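Please open the model in a viewer and keep the sequence panel visible. The tour below proceeds by selection, with a short account of what is found at each stop.

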Amino acid sequence: MRIEEHPILGKPEEKRVVTFTYDGNTISGQEGEPIAIALEAAGISIHRYTKKYHEPRGIFCAIGRCTDCVMVVDGKPNVRTCITPLKEGMDVKSQYGVGAKE
């Protein structure tokens, strides 16, 4: 699920493949890409659940303005994964509500 060649931009530059954990499972992604995109490429589209109705949320605005993609990253809650670059060894976890603690 990655763009291999864009009709205007051409082929994206090759990036180093890194591993990270998502809810205890090891996943790989491209270093520097947004965490949300690495998850989406791995088939994971739910990042958090709302507190009141337990409804799933994922990428919505993709520019860091909303809170639909917030997750717990390296123990820090409310990280906007659509704009946070992926690094080797990150620990990413689903979040329940906004403002939640791990």
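## Strand E5 and its partners

Begin with methionine 71, whose bridge partner in E6 is valine 79. The model on display is a predicted one. Extend the selection to the whole of E5 and to strand E6, residues 76-80: the two pair in the antiparallel sense over three bridges. Two residues lie between the strands in this hairpin, and aspartate 74 there takes a positive phi near 50 degrees.

Next, add strand E7, residues 91-93, which pairs with E5 in the antiparallel sense over two bridges. Here valine 73 of E5 is placed opposite valine 92.

With E5 still selected, display its side chains. Which residues cover the two faces of E5? Val70 and Val72 lie on one side, Met71 and Val73 on the other, and all are buried. In a regular strand, side chains alternate between the two faces of the sheet.

## The nonpolar core

Now select Phe20, Tyr22, Ile35, Leu39, Leu86, Met90 and Val92. These residues touch the most other members of the largest nonpolar core, which has 14 residues. Strand E1 (17-22), helix H1 (35-41) and strand E5 (70-73) are the elements that give two or more residues to this core. In soluble globular proteins, nonpolar side chains tend to be buried together.

Centre the view on phenylalanine 20 and show its surroundings. Beyond its neighbours within four places in sequence, phenylalanine 20 is in contact with Asn25, Thr26, Ile27, Ser28 and Gly29, with Ala38 and Leu39, and with Leu86, Lys87, Gly89, Met90 and Val92.

## The loop between E2 and H1

Move to glutamate 33, in the loop between E2 and H1. Is this residue buried or exposed? Glutamate 33 counts as buried, at 5% relative accessibility. Its side chain reaches the backbone nitrogen of glutamine 30 at 2.7 Å. Leaving out residues up to four places away in sequence, glutamate 33 touches Arg2, Lys15, Ala38, Thr84, Pro85 and Leu86.

In the same loop, select glutamate 31 together with arginine 16. Their side chains meet in a salt bridge, with an N to O distance of 3.0 Å. Glutamate 31 belongs to the loop between strand E2 (25-30) and H1, and arginine 16 to the segment before E1, so the pair ties together parts that are 15 residues apart in sequence. Glutamate 31 is partly exposed, with a relative accessible area of 33%; arginine 16 is likewise partly exposed, at 47%.

## Further salt bridges

How many salt bridges does the structure hold? There are five. Side chains of opposite charge can pair when their charged atoms come close.

Select aspartate 91 and lysine 93, which form a salt bridge with their closest N and O atoms 3.7 Å apart. Aspartate 91 is partly exposed at a relative accessible area of 25%, and lysine 93 is partly exposed at 28%.

Then select Arg48, Glu55, Arg57 and Asp68, which are linked in a network of salt bridges. Within this group, glutamate 55 is joined to arginine 57, the closest N and O atoms being 3.4 Å apart. Glutamate 55 has a relative accessible area of 34% and is partly exposed; arginine 57 counts as partly exposed at 27% relative accessibility.

## The open sheet E4-E3-E8

Colour strands E4, E3 and E8 next. These three strands form an open sheet in the order E4-E3-E8, with mixed pairing. Strand E4 (56-57) and strand E8 (95-96) stand at the edges with a single partner strand each, so one side of each has no neighbour in the sheet. Strand E3, residues 48-49, runs antiparallel to E4, and two bridges join them. Tyrosine 49 is the residue that stands opposite proline 56 of E4.

The last stop is glutamine 95, in strand E8. Which side chain and which backbone oxygen should be displayed beside glutamine 95? The side chain is that of asparagine 78, joined to the side chain of glutamine 95 by a polar contact of 2.7 Å. The backbone oxygen is that of glycine 97, which lies 3.0 Å from a polar atom of the glutamine 95 side chain. Glutamine 95 has 1% relative accessibility; with the limit for buried residues set at under 20%, glutamine 95 therefore counts as buried.

Key: Residues are numbered from 1 along each chain as its sequence is written. This is a predicted model: local features need pLDDT of at least 70, side-chain atom pairs count only at pLDDT 80 or more; totals for chains, interfaces and linings use all residues. Side-chain values use heavy atoms; hydrogens and water are left out. A nonpolar core is a set of buried Ala, Val, Leu, Ile, Met, Phe, Trp, Tyr and Cys residues joined through side-chain atoms within 4.5 Å. Buried means under 20% relative accessible area, exposed over 50%, partly exposed in between (1.4 Å probe, protein chains only). Helices (H or I, at least four residues) and strands (E, at least two) are DSSP runs, numbered from the N terminus. Contact means heavy atoms within 4.5 Å. Two strands pair if DSSP finds at least two bridges between them. A salt bridge is a side-chain nitrogen of Lys or Arg within 4 Å of a carboxyl oxygen of Asp or Glu. A polar contact is a pair of N or O atoms within 3.5 Å; within protein, one must be able to donate a hydrogen and the other to accept it, and residues adjacent in sequence count only if both atoms are side-chain atoms.
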